[in-house]
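Q: Please take one part of this model and go through it closely. I want the residues, the classes and the neighbouring elements.

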Amino acid sequence: VDLSVSVLGHTFANPLMNAAGVCCSTTEELDSLLASASGTLITKSCTAQQRDGNPAPRFKPLPLGSINSMGLPNEGYEYYAEYVSHRAKGGAAAKPIFFSISGMTMQDSADMAAKLAAHPQGANVLLELNLSCPNVPGKPQIGYDMQDMRRYLEAVTAVYPRPFGVKLPPYFDMAHFDQAAEVLNAFPSVAFLTCINSVGNGLVIDDTCDTVAIKPKNGFGGIGGEYVLPTALANVNAFRTRCPEKVIIGCGGVLCGRDAYQHLLAGASLVQVGTQLWKEGPDAFRRIRDELQAHLARKGYGADRDAIGKLKVIE
Ligand SMILES: CC(C)(C)CCc1c(C(=O)O)[nH]c(=O)[nH]c1=O
């Protein structure tokens, strides 16, 4: 089965990649993804300056997933811009690189986007703007404030002339799917949507010691893993139907080939792996790729692209 996917001006050997934040903060981590069976990779969401992030414990793996409140630890914009430079200089871009930006302010994000636009390898990079980035205290994250999301996209499109994408938080209400799609459809240069970021502000309790699992935010953190697959599939499909000209990248709850296949059916062209990558390491990509290949073959597909968006409803 041909697993290659050609979208966003690039051809990927298969639809699999990491979710921003997992196994992608340092050169060695990024190189381990380059060397893996993934179709491509994305860098840790960066801020203008290096950040230590929140105090540990800030991440916990769980039987059914994970919880995290990392606090945007990253090496800073220049580090990842440098990584793209030296890597892209390594000859043909065997894997186009996704570059995640999550400024602490809208201005920071716009400034980084402008720098990325001017980057010598800018054409070999796909910007994924993280809309779960922090807003002013007392306001919800950017992705949950439609006016702020519009302002953010106006600021970035004003300085970033290439097609780019956004990482969206999960939505849970049909009116919110409609409102968010209306904002996103007002920006044709937003060429892809990555659904979803972690399900925000879950609380995991260790009842052997009656204590929360992670230190930051009194234990509140983003949930990933098996817990979130139905929510991720719903967001992929909701935006696939509401934004037909945009490419959808699925993220959330992918542990095996069949989960990836479900994301394709729901409308995803590429599929990101987060929690399971953290647990298993980059070898997860070869396993999931082979499982996807076998599943598509069993179902008689010639290519995985034939499965994209083919979800059937019950008439
Ligand atoms: C949650 C923020 C710190 C505002 C953004 C970075 C981020 C983090 C993080 O760095 O804590 N974790 C996630 O699961 N998703 C994210 O988008």
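**The second largest pocket and helix α4**

A: The second largest pocket is lined by M104, T105, M106, P134, N135, V136, K139, I142, D148, R151 and Y152. (A pocket is an open set of points on a 1 Å grid over the protein atoms alone, where a 1.4 Å probe fits, with protein on both sides within 12 Å along at least five of seven lines; lining residues have an atom within 4 Å of a point.) The model is predicted: local features need pLDDT of at least 70, side-chain atom pairs need 80 or more, and totals for chains, interfaces and linings use all residues. Numbering starts at 1 along each chain as its sequence is written, and side-chain values use heavy atoms, without hydrogens or water.

The volume of this pocket is about 180 Å³, taken as the space filled by probe spheres set on the points. Its lining has 6 nonpolar, 2 polar and 3 charged residues. (Asp, Glu, Lys and Arg count as charged; Ala, Val, Leu, Ile, Met, Phe, Trp, Tyr, Cys and Pro as nonpolar; the others as polar.) Helix α4 gives the most to that lining, with 3 residues. (Helices are DSSP runs of H or I, at least four residues.)

Now follow α4 itself. α4 spans residues 146-159, and α5 spans residues 174-185. Their axes, lines fitted to C-alpha atoms over the stretch in contact, come within 10 Å and cross at roughly 20°. The two helices are therefore roughly parallel, a term for angles under 35 degrees. From α4, M146, M149, R150 and L153 meet H176, Q179, A180, V183 and L184 of α5, with contact meaning heavy atoms within 4.5 Å. This contact has 6 nonpolar, 2 polar and 1 charged residues.

Notes: Axes are lines fitted to C-alpha atoms, for helices over the stretch in contact, and angles run from 0 to 180 degrees between N-to-C directions. Angles under 35 degrees count as roughly parallel, over 145 as roughly antiparallel, 65 to 115 as roughly perpendicular and the rest as oblique.
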